[in-house]
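The following note sets out several points on the structure shown below. They move from the overall architecture to one helix and its surroundings.

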Amino acid sequence: MKRVKGFEAGAKNLIKLAQTADTKAGAHSYRDRKNKKRNSRRLWQVKINAAVRALGMSYSPFIGALKKNSINMDRKVLSQIAEEYPKVFEKIVTEIK
């Protein structure tokens, strides 16, 4: 009953409904922890693609060239560089070309 304290209607004070609500809440939170990672990666890819296209390249060849040149930077870091430091990102892209 402590875990369903803030829930609405009978889900907070009726035992049967509270048990069901708690089970479903746990399942949804488990699923959404996975979805959060998936959505973050998609966002990073969109940011990188937008920055790379502005410099005359597209996402797939850019990532392929990174791997080919053994530049081990993950997408999160690349998207942050592209967003916050466009000059540095431009140097990375010109180095790869």
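**Note on the fold and on helix H3**

1. The model is a predicted one. Its secondary structure comprises four helices and zero strands, and from the N terminus the elements follow the order α-α-α-α. The radius of gyration is 22 Å, well over the 13 Å that the globule rule gives for 97 residues, so the protein is more spread out than a compact globule.

2. The C-alpha trace spans about 65 × 25 × 20 Å along the principal axes. Of the 97 residues, 24% count as buried.

3. Among contacts between residues at least 6 apart in sequence, 44% join residues at least 24 apart.

4. Which residues of helix H3 are buried? Within H3 (residues 75–84), these are Arg 75, Leu 78, Ser 79, Ile 81 and Ala 82. The buried residues cover an arc of only 160 degrees around the axis, which puts them on the same side of H3. As general background, an α-helix has 3.6 residues a turn, so residues three or four places apart point the same way.

5. Glu 83 and Glu 84 lie on the other side of H3 and are exposed. The cover over the buried residues of H3 includes helix H1 (15–54), helix H2 (59–68) and helix H4 (86–96).

6. The accessible surface of the protein amounts to about 7500 Å², and 54% of this belongs to carbon and sulfur atoms. As to charge, the protein has 23 positive and 8 negative charges, whose mean positions are 7 Å apart.

Methods: Residues numbered from 1 in each chain as written. Predicted model: local features only at pLDDT ≥ 70, side-chain atom pairs only at ≥ 80, totals over all residues. Heavy atoms only, no water. Buried < 20%, exposed > 50% of the residue type's maximum accessible area, 1.4 Å probe, protein only. Helix = DSSP H or I, 4+ residues; strand = E, 2+ residues; numbered from the N terminus. Arc of directions from axis to C-beta. Contact = heavy atoms within 4.5 Å. Rg over C-alpha atoms; globule rule 2.2 N^0.38 Å. Areas by Shrake-Rupley, 256 points an atom, 1.4 Å probe, with all protein chains shown as cover. Lys, Arg positive; Asp, Glu negative; His and termini not counted. Charge placed at Lys NZ, Arg CZ, Asp CG, Glu CD.
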